[in-house]
Amino acid sequence: LGKDYMSIPRENIPWYPTIDDSACTNCGLCHDRCNNGVYEPGSEAGNVRVVNPFNCVVLCESCSRSCPTGAIKFPDNAETRLLILELLSGSNSQDL
């Protein structure tokens, strides 16, 4: 996977899933749905974990839609789009 999104370093875009461990049933559907290695499968010792957050495709939420308990959350989509526009316009060039 690339390190940039629209020429913006991927690490400057805080778009990745978080998992509510109290709601996660460790079913593994998120892991199976994501082809980018964002998740590590759960085990008897714990639930699925986010291990490669910046491998997540910016603005993709397909794993959360596959979660039967709604345990996967993402940052606000509209706020993320605004941040991307700001980064592209150079108004936050000090962050790059």
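This report describes the fold, the surface and two backbone angles of one protein chain.

The structure is a predicted model, in which local features need pLDDT of at least 70 and side-chain atom pairs count only at pLDDT 80 or more, while totals for chains, interfaces and linings use all residues. Residues are numbered from 1 along each chain as its sequence is written, and side-chain values use heavy atoms, with hydrogens and water left out.

**Overall layout**

The chain contains three helices and six strands. Helices (H or I, at least four residues) and strands (E, at least two) are DSSP runs, numbered from the N terminus. Read from the N terminus, their order is β-β-β-α-β-β-α-β-α. The C-alpha trace spans about 45 × 25 × 20 Å along its principal axes.

Of the contacts (heavy atoms within 4.5 Å) between residues at least 6 apart in sequence, 60% join residues at least 24 apart. Of the 96 residues, 28% are buried. Here buried means under 20% relative accessible area, exposed means over 50%, and partly exposed lies in between (1.4 Å probe, protein chains only).

**Surface and charge**

About 5,900 Å² of the chain is exposed, and carbon and sulfur atoms supply 49% of this area. Accessible areas come from the Shrake-Rupley method with a 1.4 Å probe; for residues, only the protein chains shown count as cover.

There are 7 positive and 12 negative side chains, and the centres of the two sets are 6 Å apart. Lys and Arg count as positive, Asp and Glu as negative, and His and the chain ends are not counted. Each charge is placed at NZ of Lys, CZ of Arg, CG of Asp or CD of Glu.

A nonpolar surface patch is formed by M6, L82, L85 and L88, which together have about 400 Å² of accessible area. Patch residues have over 30% relative accessible area and no salt bridge; like charges are joined within 9 Å, and nonpolar side chains (Val, Leu, Ile, Met, Phe, Trp, Tyr) within 5 Å. A salt bridge is a side-chain nitrogen of Lys or Arg within 4 Å of a carboxyl oxygen of Asp or Glu. L82 belongs to helix 3 (residues 77-89), and L82 counts as exposed because its relative accessibility is 52%.

**Two positive phi angles**

Most residues other than glycine have a negative phi. The table lists two residues with a positive value.

| Residue | Phi | Loop | Relative accessibility |
|---|---|---|---|
| M6 | near 55° | between strand 1 (4-5) and strand 2 (8-9) | 48%, partly exposed |
| N26 | near 65° | between strand 3 (18-19) and helix 1 (29-33) | 26%, partly exposed |

M6 is also one of the residues in the nonpolar patch.
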